[in-house]
Structure formats: structure tokens, C-alpha cells
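Reader: Could you walk me through this one? I'd like to start with a single residue and work outwards.

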Amino acid sequence: MTKIILVNKKDRKIGVGEKLKVHKEGKLHRAISVFIFNKKGEILLQKRSKRKYHSGGLWSNTCCSHPRPGESVFLAAKRRLKEEMGIETKLKRVFKIHYMAKVGNLIENEIDHVFVGYFDGNPKINKREAEDFCWEKVEKVLKDLKESPQKYTIWFKIIFPRLIKKLKLKKC
């Protein structure tokens, strides 16, 4: 049973909860999202495993997860990037965002800490977490988000355009 950190609107810990139950009840909790770019300015996308409890088979950012109780967002981001994609690199926290969205019969109600890193090469994906990956040009992803939004996770559709604006990367 995986425990995650429950927070208030100021991102202060108010308790812990079982991950699936928290998502069923829509409780506010802490999350991390990692976006990895290469020297060409491409983003590393992950196609989530169909075995995931939600959003399986959808394209998303390089990795995402929840810090464990007692774990910092920075260490959680480093840990999950290694566990999901086999990548170790420096990460920088860029911003945090609160969003709430229905995902099937679950509710994502997260204060998501967004990290960026750089890596050249191909990841060694954990097939329990990701079924595929690709390096893609930012402008192509932004265009595809408009034309085929159903191919992407809800949080990616919310966070990615904001991240690109913040980083001042190329847009369509």
C-alpha cells in the first residue's frame, strides 16, 4: 500500500494517505513532474504503461510521481527519474502548480512540483512504468496537444505549455 503526502493549499503537510484512496476521494496531495530535454532542445516523452492504475497508454512528461512521506520533492524527482527511465542527471525545480482534474473515476488534485533536467542518449525504461519513449521537438508536441489532446495525460496538457512559456522555448 503506497502512502502519499496530503497537503493544504499552501503545500504544507497535513497528513498521509493511501495513494488510490486519495485519488478516489480527490484529496489534495503533493506530486512531482520531471521534464528532460536534450542538447537539440527536444523533450523526452514517456508513454505510460497500460498496467498503470490510470492514464495507461497515454503520452506524458519524462516521469511523474509522488514523494513518499518524509521525502523531499527533489529527492522524489531524482528517485523516480532513475526508477522509471534509468536516468541520473541534475534537476532544477522550475515552479509548482495546483490543478484538479477528473481522470476516469479518479480525481487528480495535486500541488505538482515541476523539475527540468538535461540528458543526451536514450533512457533504459522500466516496462512496469513506461511502455515506450520518444524524443520530440517542442513545437511538434505543442501542435499535437492541440490536434490530438486525447493522446496525452491531463497533467501534461496543463503543465507543458506553461513550462515552455516559462523556459522561453520555441513555440508553434
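Reader: Is Arg79 buried or exposed?
Author: Arg79 counts as buried because its relative accessible area is 16%. Buried means under 20% relative accessible area, exposed means over 50%, and partly exposed is in between, with a 1.4 Å probe and protein chains only.

Reader: What sort of model is this, and how are the residues numbered?
Author: It is a predicted model, with residues numbered from 1 along each chain as its sequence is written. Local features need pLDDT of at least 70 and side-chain atom pairs count only at pLDDT 80 or more, while totals for chains, interfaces and linings use all residues; side-chain values use heavy atoms, with hydrogens and water left out.

Reader: OK. Where is Arg79 placed?
Author: Arg79 is in helix 2. Helices (H or I, at least four residues) and strands (E, at least two) are DSSP runs, numbered from the N terminus.

Reader: And how far apart are the C-alpha atoms of Arg79 and Glu131?
Author: They are separated by 19 Å, and the two residues are 52 apart along the chain.

Reader: Changing topic: how many salt bridges are there in the whole structure?
Author: A search finds 17. A salt bridge here is a side-chain nitrogen of Lys or Arg within 4 Å of a carboxyl oxygen of Asp or Glu.

Reader: Which residue does Arg68 pair with?
Author: Arg68 pairs with Glu83, and their closest N and O atoms are 4.0 Å apart. Arg68 is in the loop between strand 6 (63–65) and helix 2 (73–85), and Glu83 is in helix 2, so this salt bridge ties together parts 15 residues apart in sequence. Salt bridges that share partners also join Lys52, Arg68, Glu71, Arg79, Arg80, Glu83, Glu84 and Glu129 into one network.

Reader: So Arg79 is back. Which residue does Lys52 meet in a salt bridge?
Author: Lys52 meets Glu129, at 2.4 Å from N to O. Lys52 sits in the loop between strand 4 (42–48) and strand 5 (59–60), and Glu129 in the loop between strand 8 (106–118) and strand 9 (130–137), which puts the partners 77 residues apart in distant parts of the chain. Glu129 is buried because its relative accessible area is 13%.

Reader: What about Lys96, which residue does that one meet?
Author: Lys96 and Asp11 form a salt bridge, with N and O 3.4 Å apart. Lys96 lies in strand 7 (residues 91–103) and Asp11 in the loop between strand 1 (3–7) and strand 2 (13–18), so the pair ties together parts 85 residues apart in sequence.

Reader: Why does Lys96 count as partly exposed?
Author: Because its relative accessibility is 36%. Its partner Asp11 is at 10%, so Asp11 counts as buried.

Reader: What is the phi of Asp11?
Author: It is positive, about 65 degrees, although Asp11 is not a glycine. Ser55 also has a positive phi, near 60 degrees, and is likewise not a glycine. Ser55 is in the loop between strand 4 and strand 5.

Reader: On to helix 4. Why does its length agree with its number of residues?
Author: Helix 4 has 14 residues (154–167) and at 1.5 Å a residue should span 20 Å, so its end C-alpha atoms, 21 Å apart, agree with that. The expected span is 1.5 Å times one less than the number of residues.

Reader: Which residues in helix 4 are buried?
Author: Trp155, Phe156, Ile159, Phe160, Leu163 and Ile164. As background, an α-helix has 3.6 residues a turn, so residues three or four places apart point the same way.

Reader: And Arg162, why is that one partly exposed?
Author: Arg162 is in helix 4 too, and it counts as partly exposed because its relative accessibility is 41%. Together with Lys92, Lys166 and Lys168, Arg162 forms a positive surface patch.

Reader: What makes a patch?
Author: Patches are made of residues with over 30% relative accessible area and no salt bridge; like charges are joined within 9 Å, and nonpolar side chains (Val, Leu, Ile, Met, Phe, Trp, Tyr) within 5 Å. Lys and Arg count as positive and Asp and Glu as negative, with His and the chain ends not counted. The place of a charge is NZ of Lys, CZ of Arg, CG of Asp or CD of Glu. Areas come from the Shrake-Rupley method with a 1.4 Å probe, and for residues only the protein chains shown count as cover.

Reader: Which residue follows helix 4?
Author: Lys168, with a positive phi near 60 degrees.
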